[in-house]
Every structure is written in structure tokens, then in C-alpha cells.
Amino acid sequence: MTLGTQQPEGGPSQDWESSLRAAGRRVTRQRLAVLTAADSAPHQDAEHIWQAAKAELPELTLQSVYTVLADLTALDLLRKIDPTSGPARYETRVGDNHHHAVCIKCGRIEDVDCAVGHAPCLEASSSTMRILHAEVTFSGICTDCTAQDQAIQNFTPPHRNTNQGES
């Protein structure tokens, strides 16, 4: 993937430079490196994004990444995910109605498309507030952890010969 472009699965390439300009921001190497890193591995925390972005921009500091993440999130170029445990995570999938499933064992996060197709969560009939955002998070156990649990449950230790002198 080249610096400055987003290539979502199954979707057209998005030009990060145009998106930044449309949001009234200068196109900087820091912003492009953070967007590219966040896009290449969705649902990563700031430190992982920093490590990935440093491959393109070695002088990038962690503090700069936090500043850029906050700015890009405020511009709706990134979405911030706040799992109940662990640090905030970031993704470039914005502007649609999707939710997240979080593995309670390993912390893996997966996107879950909304079955309804629109944002019914934003019509809170029991509140007088104007709802701006709703976040649905499913908790469960991912397929990798389930498989690992199955392997442990199905494990049979080798039979040990406890009789001395027998072969």
C-alpha cells in the first residue's frame, strides 16, 4: 500500500490527501503515515499505529501520533473505539452503521455490520436528548480462542508408565 491512499476491502481507493484538504487540513507526512498505518491494520491502539507509521516516518513521536489521532477522529477520518478493557483503538471505517465484537479472552476486535441497515439506535424513544452517536459492542470468544479452548479440552496427556523396571 502506498502512503496516502486507503484501499478498503471491496471498495474503491480513497485519496487521503483529498480527504484532508476537504476537511480543511494541511496534508502532512505525519497525518498520511497515521492514516495509512490505521488503515493497514484496523482496530489497533496508538502504540501499534505509531510502530507501523515509524516504518514510513522514523522521526515520528508517540505524542505526535496521539495528537494526529485526536485530530483525525474529530474530523471523522478515523473512528475511535473504546473497549471496556485496554486502550482505545482506531479504524478508518467511518460513516457507516457498523458495530464491534470484542473477544473477552484475547481482546481481538471485529467489525459487525448492522442487521437493520440504518441507525435505529439513534432513535431513543425513552430519552428527551437528541442522540448523536450510539455504540453497540458485542462480547464473545473469537474463533481462534474457541479453537484453542477446544484443543485444551480434547487434550489427553500421554500415558506414563509408573511401574519401575517394566519395559
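Val 102 stands opposite Ile 109, a residue of strand β6. That pairing belongs to a set of five bridges between β5 (residues 98-103) and β6 (residues 109-113), two strands that run antiparallel. Bear in mind that this is a predicted model.

The link between β5 and β6 is a hairpin, with five residues between the two strands. Gly 107 sits in that turn and has a positive phi of about 85°.

What does Val 102 pair with in β7? The bridge partner there is Ser 139. Strand β7 covers residues 137-140 and runs parallel to β5, with four bridges joining the two. So Val 102 has a partner in β6, namely Ile 109, and one in β7, namely Ser 139, if you define a pair of strands as one with at least two bridges between them. As for cover, five of the six residues in β5 are buried, so the strand is mostly covered, with buried meaning under 20% relative accessible area.

**A cavity beside β5**

Val 102 turns up again in the lining of the largest cavity. How many cavities of 30 Å³ or more does the model have? The count comes to one, and the largest cavity has a volume of about 40 Å³. Besides Val 102, its lining includes His 100, Ile 81, Asp 82 and Pro 83. Glu 135 and Thr 137 complete the list. Sorted by class, that lining holds three nonpolar residues, two polar ones and two charged ones.

**Two positive phi values outside glycine**

Most residues other than glycine have a negative phi. His 43 goes the other way, with a positive phi near 70°, and Asp 76 does too, with phi near 65°. Both are loop residues: His 43 lies between α2 (29-40) and α3 (46-54), while Asp 76 lies between α4 and β3 (79-81).

Are these two residues buried or exposed? His 43 counts as buried because its relative accessible area is 7%, and the cut-off for buried is under 20%. Asp 76 counts as exposed because its relative accessibility is 57%, and exposed means over 50%. Tyr 66, which lies in helix α4 (residues 62-74), is partly exposed because its value of 40% falls in between those cut-offs.

Here are the three accessibility values together:

| Residue | Relative accessible area | Class |
|---|---|---|
| His 43 | 7% | buried |
| Tyr 66 | 40% | partly exposed |
| Asp 76 | 57% | exposed |

Tyr 66 also comes with a distance: Ile 49 is 17 residues away in sequence and 9.7 Å away in space, taken C-alpha to C-alpha.

**Rings and charges**

How many aromatic pairs does a search of the whole structure find? Zero. A ring does take part in another kind of contact, though: the charged end of Lys 54 sits over the ring of Trp 50, 4.2 Å from the ring centre.

**The overall layout**

Stepping back, the protein has five helices and seven strands. Along the sequence, they follow the pattern β-β-α-α-α-α-β-β-β-β-β-α. Of the 167 residues in the protein, 29% are buried. Set beside that figure, β5 has five of its six residues buried.

Note on methods:
Residues are numbered from 1 along each chain as its sequence is written. This is a predicted model: local features need pLDDT of at least 70, side-chain atom pairs count only at pLDDT 80 or more; totals for chains, interfaces and linings use all residues. Side-chain values use heavy atoms; hydrogens and water are left out. Buried means under 20% relative accessible area, exposed over 50%, partly exposed in between (1.4 Å probe, protein chains only). Rings of Phe, Tyr and Trp (its six-membered ring) pair if their centres lie within 6.5 Å; planes under 30 degrees apart count as stacked, over 60 as edge-to-face and the rest as tilted. A charge sits over a ring if NZ of Lys or CZ of Arg is within 6 Å of the ring centre and within 35 degrees of the ring normal. On a 1 Å grid over the protein atoms alone, a cavity is a set of points where a 1.4 Å probe fits but cannot get out, and a pocket is an open set with protein on both sides within 12 Å along at least five of seven lines; lining residues have an atom within 4 Å of a point. Grid points are joined across faces, edges and corners, and a volume is the space filled by probe spheres set on the points. Ala, Val, Leu, Ile, Met, Phe, Trp, Tyr, Cys and Pro count as nonpolar, Asp, Glu, Lys and Arg as charged, and the others, Gly among them, as polar.
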